[in-house]
Amino acid sequence: MLNGTTAQIREREALRINPAKTCQPIGAMYAALGIHGCMPHSHGSQGCCAYHRSQLTRHLKEPVVATTSSFTEGASVFGGLANLTTALENIFTIYKPEIVAVHTTCLSEVIGDDIPMIVERMRNEGKLKPEQLVMHTNTPSFKGSHITGFANQCESTVKYFSKSSGTPRNYVNIFPGWVDPADMREIKRLAKELGINFILFPDTSDVLDLPQTGHYQMYPDGGTTIEELRAMGDSFQTIALGTTCSTSAATLLEKKCNVASNVMEMPYGLSNTDNFINALRTAGNVTVPKSIEYERGRLIDMMSEMGQYFHDKKVALVGDPDQCIALAQFLVELDMIPSIVITGSPCRDFEAKIKAICAEKNPNVEARANSDQHFMHQWIKNNPVDVLIGNTYAKLVARAEGDIPFVRFGFPIMDRMGHRVFPTVGYMGAMRLMEKISDAMMDYSERNGPDEYCELIQ
Ligand code: SF4
C-alpha cells in the first residue's frame, strides 16, 4: 500500500503524511474513563465522538462509552449552550453517572463555548443538582495530540477535585501516564508488593479490561473514585510517570496542595523500572521484597542469555513521546542501536533526551518530535533497519520495505490482542518486550534466511 513512497526526503513544515498522533479528545476520553462512574462527554459533532470512541474500542476491544452534544448547523452558528444543557440533563436522567467529564472538540473550541459558564448557568437555573458533578477540559485538536488531551484531562481533574484537608495522609499518588489497563494493573501490583499506600490516577484497569460475565456494566467497579481524587491533595508525594503525560497534573497538585512531585520516565525496561521501584521504596520507606528482586533477576538473566540476538541490531521506533524515550533507553540496555526515533506529538525535550540516551551507542540517531510516519519510511529507505517498533499503522511501512521484523507497541494496536492482557511496564513487561522483539527478528531470519538460519536450537 505504501509501495509508492520515494526515498527522496523533502523537509516539510505545513504537511503531515501518515501522522504519528491523533486527536486531543481521544486522550481526554481515555483519562476520563479512568475515573470511577465517569461518563466522558464530547462537546462537538457526533462524528468526532464516534471516531474517538471507535479508535479506543478498536484498541481496547471493549465497548467505550461516551456521550456527545451532537452539534448540527444551528449549534455551529449560535454556539453549543442549548445542546450541552439538554445533553447534561439527559445524561444524568438516563445514564446516571457519578460525574460527567466534558471535553471540547475543534468545532466548539473555534466557536469559543465557555463550558464553566454553561454549567454554572445550569446550576443557577436548578437544572443540575449539587451532587451531579460536571468537570471540563479544553481539548482543541488543531494543536497538540491525544497525549496533550490526556495530560489536559489529568490536570483538569486535579484542578476540579484535589484539595488539602489540612490532615496529611501517608499516601503516594501515582500518575501512570498513558499506558494500557494491563500496565495500570501491573503498576498497582508492584506498589502493593512493596506494601505502600497509594492512589493511582487515572486507573482504567477493571474498566476497560473486563472479564466476560454475560452482563453489561456501564460503570464497572474500577477507576479512581471521587473520594480518592479529592484525597490526592492530602498525599505526601506524587510519582508522575512520563514527563509529557503527567508533569502538568503533578505540578498543579504541588502548587495547589503542596504535594511534592517526583516526575520520572515511564517504567519500561531495566533502569527505568529500577528508578520507579526505588522511588516507591523511598517514598514508602520500605524494603524491596524478594519477589520483586527475583523478577529483576530473571530479567537480567534473560538479557545476558539473549544478548547475542540483540547486539547492534538497528531499530526504528515510532510512538508517543514518553513511551519512545523510555523504550529507547531499554533498547540501548539491550545493546541495540536506535537508528531513528520519531513521535508525532509535540515534546520540547524529545530530541535532546533521545540524543542523550543514544550518545554512546549511536550519536547520529535521527530523533524528531512533531514528525510523521512518511518521514520515517523515507528515512528507512535510505538507512535500512533490522526491526521496526510502532503502532498498527507502522505495519504498512514494514510491509512496503520487504517485511521488516515488526513489533507492535503503543497506541493504537487494532490488529492484535496481546496488549490487552500482558503488561509491557516493569520487569515482567520488559521480559515481554524482549520476547516480542526477539521473536520478530528470529521469525524473519528463519523465514527468509538460508537453511542454517533455521536451527532447531537458538
Ligand atoms: S480533528 Fe477535531 S474535528 Fe477532527 S475528529 Fe478530531 S476533534 Fe473532531
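# A tour from Leu 200 to the ligand shell

Begin by selecting Leu 200, which counts as buried because it has 21 C-beta neighbours inside 10 Å; a residue is called buried if 20 or more other C-beta atoms lie within 10 Å of its own, exposed if 12 or fewer, and partly exposed in between, with C-beta atoms placed from the backbone. The model in your viewer is predicted, so that local features need pLDDT of at least 70 and side-chain atom pairs count only at pLDDT 80 or more, while totals for chains, interfaces and linings use all residues. Residues are numbered from 1 along each chain as its sequence is written.

Leu 200 lies in strand E6; strands (E, at least two residues) and helices (H or I, at least four) are DSSP runs numbered from the N terminus. Leaving aside residues up to four places away in sequence, Leu 200 touches Ile 174, Pro 176, Met 184, Ile 187, Lys 188 and Thr 224, where contact requires C-beta atoms, placed from the backbone, to lie within 7 Å.

Now show the sheet to which E6 belongs. This open sheet has four strands in the order E6-E5-E7-E8, with parallel pairing, and two strands are said to pair if DSSP finds at least two bridges between them. Strand E6 (198-200) and strand E8 (260-264) stand at the edges with a single partner strand each, so one side of each is left without a neighbour in the sheet. The twist averages 20° from one strand to the next. At the E8 edge, strand E7 (residues 237-241) runs parallel to E8 and is joined to it by five bridges, with Ile 239 opposite Asn 262 in E8. Leu 200 and Val 263 are 15 Å apart, C-alpha to C-alpha, and 63 residues apart in sequence.

Add helix H8 (residues 181-194), which lies across strand E5 (172-175) and E6 and runs at about 175° to E6; axes are lines fitted to C-alpha atoms, for helices over the stretch in contact, and angles run from 0 to 180 degrees between N-to-C directions.

Move next to strand E3 (residues 99-104), in which six of the six residues are buried, so the strand is largely enclosed by the rest of the structure. Both faces are covered, with Ile 99, Ala 101 and His 103 buried on one side and Val 100, Val 102 and Thr 104 buried on the other. E3 pairs in the parallel sense with strand E1 (residues 38-43) over six bridges, and His 41 stands opposite Val 102 in E3. E3 also pairs in the parallel sense with strand E4 (residues 133-137) over five bridges, where Thr 137 in E4 is the bridge partner of His 103.

From E4, follow the chain into the loop that leads to helix H7 (146-161), where Ser 145 is found. Ser 145 counts as buried because it has 26 C-beta neighbours inside 10 Å. Its contacts, not counting residues up to four places away in sequence, are Lys 21, Thr 22, Gln 24, Gly 344 and Ser 345.

Finish with the ligand, and select Cys 23, Pro 25, Cys 48, Tyr 51, Thr 105, Cys 106 and Ser 141 around it; a residue is near the molecule if its C-beta atom, placed from the backbone, lies within 6 Å of it. This shell divides into five nonpolar residues, two polar and no charged, with Ala, Val, Leu, Ile, Met, Phe, Trp, Tyr, Cys and Pro counted as nonpolar, Asp, Glu, Lys and Arg as charged, and the others, Gly among them, as polar.

Note on methods:
Two residues are in contact if their C-beta atoms, placed from the backbone, lie within 7 Å.
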